[in-house]
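Here is a short report on a protein model, written for the bench. Please look over the sequence and the 3D view before reading on.

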Amino acid sequence: RHILLPEVGEAGQARLLKSRVLLLGAGGLGSPASMYLAAAGVGTLGMVDADVVDASNLQRQVIHATSRVGMPKVESAAKFIADLNPDVKVVPHMERLTSANVERIFSDYEVIVDGTDNFPTRYLVNDASVFMGKPVVHGSIFRFDGQVTTFIPEKAAKKLGMSEAGPCYRCLYPEPPPPHLAPSCQEAGVLGILCGIIGTLQATEAIKILLGRGTTLAGRLVTYDSLKLKFRELRLRRAPDCPVCGPKPSITGYIDYEGFCAVG
Ligand code: ZN
């Protein structure tokens, strides 16, 4: 049915089959995002996740199943996807993203869908996306609220033939907060359905980037309040003095913000 859409057509569907998307996390956001990307026929889906399926995850991590509790999440997700669309190749990366492996892992992919939930990874992903010119579709969730935006750094905009690059994460938050002010990395409660809304918005952005259609969320942050059922949009601007994507960057290599999470 995608081929019936003039904006996709046979050429667009063939393009999707050749496309390579990397999902960071096979959890709450990665589940719906990867399910729809696989259904859409994105030919290669890389998945980075070092965890195993836990029964307490299933309220939101809908790609997994009770029968697969204890199995690595990347393996469980690959099983679902093989059943849904055998034309999709899943590349499992059962490891934690670090400054040592980020370039090796990112280099094979065109679009990064970030569903990770901690600050150290967020900064690492941002810096890699600026250095390597990879668009990042960012999603995050907390309790009943979610947000989504797309970061398209200058090098990525050039590759994609876009006229203007958008801000990066450090344009908004140049440095992480000091550890004693950082929120705890322990998991907060979250409405499972919220993951479906935010994860499918991320998949939509990835498909648009791959097809070169529509307007992305570069420079715009969409927030969603599920209790009020309200979407809002905020403008995001590039910071002229951004430490990583500005004209005089002070950050030119990767930083490991290890031990960053405040305890409890
Ligand atoms: Zn920036």
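The residues lining the second largest pocket divide into eight nonpolar, eight polar and six charged. In this scheme Ala, Val, Leu, Ile, Met, Phe, Trp, Tyr, Cys and Pro count as nonpolar, Asp, Glu, Lys and Arg as charged, and the others, Gly among them, as polar. The model is predicted: local features need pLDDT of at least 70, side-chain atom pairs count only at pLDDT 80 or more, and totals for chains, interfaces and linings use all residues. Residues are numbered from 1 along each chain as its sequence is written, and side-chain values use heavy atoms, with hydrogens and water left out.

**Pocket and cavity**

The second largest pocket has a volume of about 430 Å³. Its lining holds 22 residues, and Met162, Glu164, Ala165, Gly166 and Ala218 lie nearest its centre. Helix H8 (residues 192–211) gives the largest share of that lining, three residues. Helices (H or I, at least four residues) and strands (E, at least two) are DSSP runs, numbered from the N terminus.

A search of the whole structure finds one cavity of 30 Å³ or more. The largest cavity has a volume of about 60 Å³. On a 1 Å grid over the protein atoms alone, a cavity is a set of points where a 1.4 Å probe fits but cannot get out. A pocket is an open set with protein on both sides within 12 Å along at least five of seven lines, and lining residues have an atom within 4 Å of a point. Grid points are joined across faces, edges and corners, and a volume is the space filled by probe spheres set on the points.

Which residues line the largest cavity? They are Asp114, Arg122, Val125, Asn126, Ser129, Val136, His138, Phe151 and Tyr169. By class, that lining has four nonpolar, three polar and two charged residues. H5 and strand S5 (136–142) each supply at least two of the lining residues. The largest share, four residues, comes from H5.

**Helices H5 and H8**

Helix H5 covers residues 119–132. Its 14 residues reach 20 Å from the first C-alpha to the last, close to the 20 Å expected at 1.5 Å a residue. The expected span of a helix is 1.5 Å times one less than its number of residues. H5 is largely enclosed by the rest of the structure, because 14 of its 14 residues are buried. Buried means under 20% relative accessible area, exposed over 50%, and partly exposed in between (1.4 Å probe, protein chains only). Just after H5, glycine 133 takes a positive phi of about 70°.

H8 has 20 residues, which should span 28 Å at 1.5 Å a residue; its end C-alpha atoms are 29 Å apart, in agreement. Glycine 212, just after H8, also has a positive phi, about 65°.

**Zinc site**

Cys168 (SG), Cys171 (SG), Cys242 (SG) and Cys245 (SG) coordinate the zinc ion at 2.3 Å. Donors are N, O and S atoms within 2.8 Å of the metal (3.2 Å for Na, K and Ca); water is not among the atoms, so sites may look incomplete. The donors follow the spacing C-x2-C-x70-C-x2-C along the chain. Distant parts of the chain are linked here: cysteine 168 sits in the loop between helix H6 (154–160) and helix H7 (169–172), and cysteine 242 in the segment after strand S8 (230–235), 74 residues apart.

The site is tetrahedral, with angles of 96 to 122° among its four donor atoms. Four donors count as tetrahedral if all angles lie between 85 and 135 degrees. Cysteine 168 is buried, at 3% relative accessible area. Cysteine 242 is buried too, at 1%.

**Positive phi outside glycine**

Most residues other than glycine have a negative phi. Two residues with a positive value are set out below.

| Residue | Phi | Place | Relative accessible area |
|---|---|---|---|
| Arginine 143 | about 55° | loop between S5 and strand S6 (145–151) | 47%, partly exposed |
| Leucine 229 | near 45° | loop between strand S7 (220–225) and S8 | 58%, exposed |

**Two more positions**

Is lysine 158 buried or exposed? Lysine 158 is exposed, with a relative accessible area of 67%. Its place is in helix H6. The C-alpha atoms of lysine 158 and glycine 133 are separated by 8.5 Å, and the two are 25 residues apart along the chain.

Isoleucine 141 lies in strand S5. It counts as partly exposed, at 27% relative accessibility.

How values were computed. Tetrahedral: all angles 85-135°; square planar, octahedral: opposite > 155°, others 65-115°.
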